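Welcome! Take a moment to turn the model around before reading on. The notes below pick out a few places to look.

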Amino acid sequence: MASVGRSLGKQVGDFLLQRYTSLQENYTTADIAAIVSAAALCHDIGNPPFGHAGETALSDYFRFGEYGMVWQRYVQPEEWEDLIAFEGNAQGLRMLSAPQSGLNLSAATVAAFMKYPRPAQLFQPDPHRKSQKKYGFFADQAKDVEALYSYLGIPEIGSGAFYRHPLSFLVEAADDICYSMIDLEDACTLGLISENTYVELLASLLGHRFQPEKLRAYPEKTQRLAVLRSLAIGTLIDSCAAVFREEESAMRKGTFDQALTSCIPEKEPLNAIAHFSVQHIYRSAPVLEKEAAGFQVLEGLLEAFLRAFHHARYQTERYGGKDKSMLRLLPESLQLKIKQEEFSTYTLLRLLLDHISGMTDKQSLTLYRKVRGISLPGH
């Protein structure tokens, strides 16, 4: 995805430097390409174990779990909205801006990363604005986000939401392109779909660019898949860059707020690929089985940790050996903060979610098995 972002940034960078000549004093096309590439590289950094299913699992436990619902009384309404709707994009911003991350990203890179510059608690999201489909920052980062967009000169729409940074449209496009193309190729490689189906789907997207006689010149299946994928991605990059050039002024005014891929000539075949992928890839048995396991694992970890956390902080008479053992599994810095009143409940819950959401699928599964007694260390 980073390489697709770089290609988009390069095409658009040439255009921006020509349109706004003052930028040439401090920036080159390579700089703009690097901003988009860096933001694209970070795009999934906040995703929890098991991806989107993991987001739902974390959210559902606070909505419906015994030791999840109990926290509503201890936090502010806007903080509760964060907890009952875990969002990987907002978690990503939290990770990128954490002092201990060691990163020193430019304001433009952070804003390009933020595809959804609004808080969770937005009472009337505008359905016509793609930037309000999800939220992009947690309640405790609202002031930092406000300062960021003020520095960049990007206006607030209202209720703490902002217009998108123009380069964020390119990051979104890079995500959309890779999500469609790479997953489809992987499915073909794994045998979930046939090569003929793969070729037919991409041929409809490529139109006159598709040349079957040249494709047959490659003897290996992996070569044919790679050639088609490269050609399709190049086509989509060119089309998205063209839409950006056409709509850039409207982006800056906030009157254009759509996905670039929804405005390109290839949008219909691209939508067909997305629909096909949902039906035949994302709902395949292996994927659904993994999602089901993710719900069990993450809900199980949250239940164990939140019960111990609640007993330690608010029900000390019930704080026993089991709870103490659970909390000792947390980072030492978090253990020390749990009983210290200067740290708000919301802050501690966010730190706990940092820990759990920062795990890989395998790490979370291994920990779940151990705390449930399904396996022991060394086994």
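## Cysteines, a helix and two domains

In this predicted model, the sulfur of Cys263 lies 9.0 Å from the closest cysteine sulfur, that of Cys240, which is too far for a bond. A disulfide would need the two sulfur atoms within 2.5 Å. In fact, the structure holds zero disulfides. Cys42 is in none either, as the nearest cysteine sulfur, in Cys178, is 14 Å away. Here are the two cysteines side by side.

| Cysteine | Nearest cysteine sulfur | Relative accessible area |
|---|---|---|
| Cys42 | Cys178, 14 Å | 14%, buried |
| Cys263 | Cys240, 9.0 Å | 29%, partly exposed |

Next, have a look at helix 17, which runs over residues 345–357. Its 13 residues should span 18 Å at 1.5 Å a residue, and the end C-alpha atoms are indeed 18 Å apart, so the two values agree. Among the buried residues of helix 17 are Tyr346, Leu349, Leu353 and Ile356. Which helices help to cover the buried residues of helix 17? They include helix 3 (51–64), helix 5 (77–83), helix 6 (88–97), helix 14 (285–313) and helix 16 (332–337).

Finally, step back to the domains. The protein is divided into domain 1 (1–49 + 87–167), domain 2 (50–85 + 285–378) and domain 3 (168–281). The centres of domain 1 and domain 2 are 29 Å apart, taken over C-alpha atoms. Between them, these two domains bury about 1,500 Å², with 52% of it on carbon and sulfur atoms. On the domain 1 side, Pro48, Pro49 and Gln121 lose the most area to domain 2, together 42% of what that side buries. One salt bridge is found across this interface.

How values were computed. Residues are numbered from 1 along each chain as its sequence is written. This is a predicted model: local features need pLDDT of at least 70, side-chain atom pairs count only at pLDDT 80 or more; totals for chains, interfaces and linings use all residues. Side-chain values use heavy atoms; hydrogens and water are left out. Buried means under 20% relative accessible area, exposed over 50%, partly exposed in between (1.4 Å probe, protein chains only). Helices (H or I, at least four residues) and strands (E, at least two) are DSSP runs, numbered from the N terminus. The expected span of a helix is 1.5 Å times one less than its number of residues. Contact means heavy atoms within 4.5 Å. Domain bounds come from an automatic or database domain assignment. Buried area is the accessible area (1.4 Å probe) that two parts lose on being put together, summed over both. A salt bridge is a side-chain nitrogen of Lys or Arg within 4 Å of a carboxyl oxygen of Asp or Glu.
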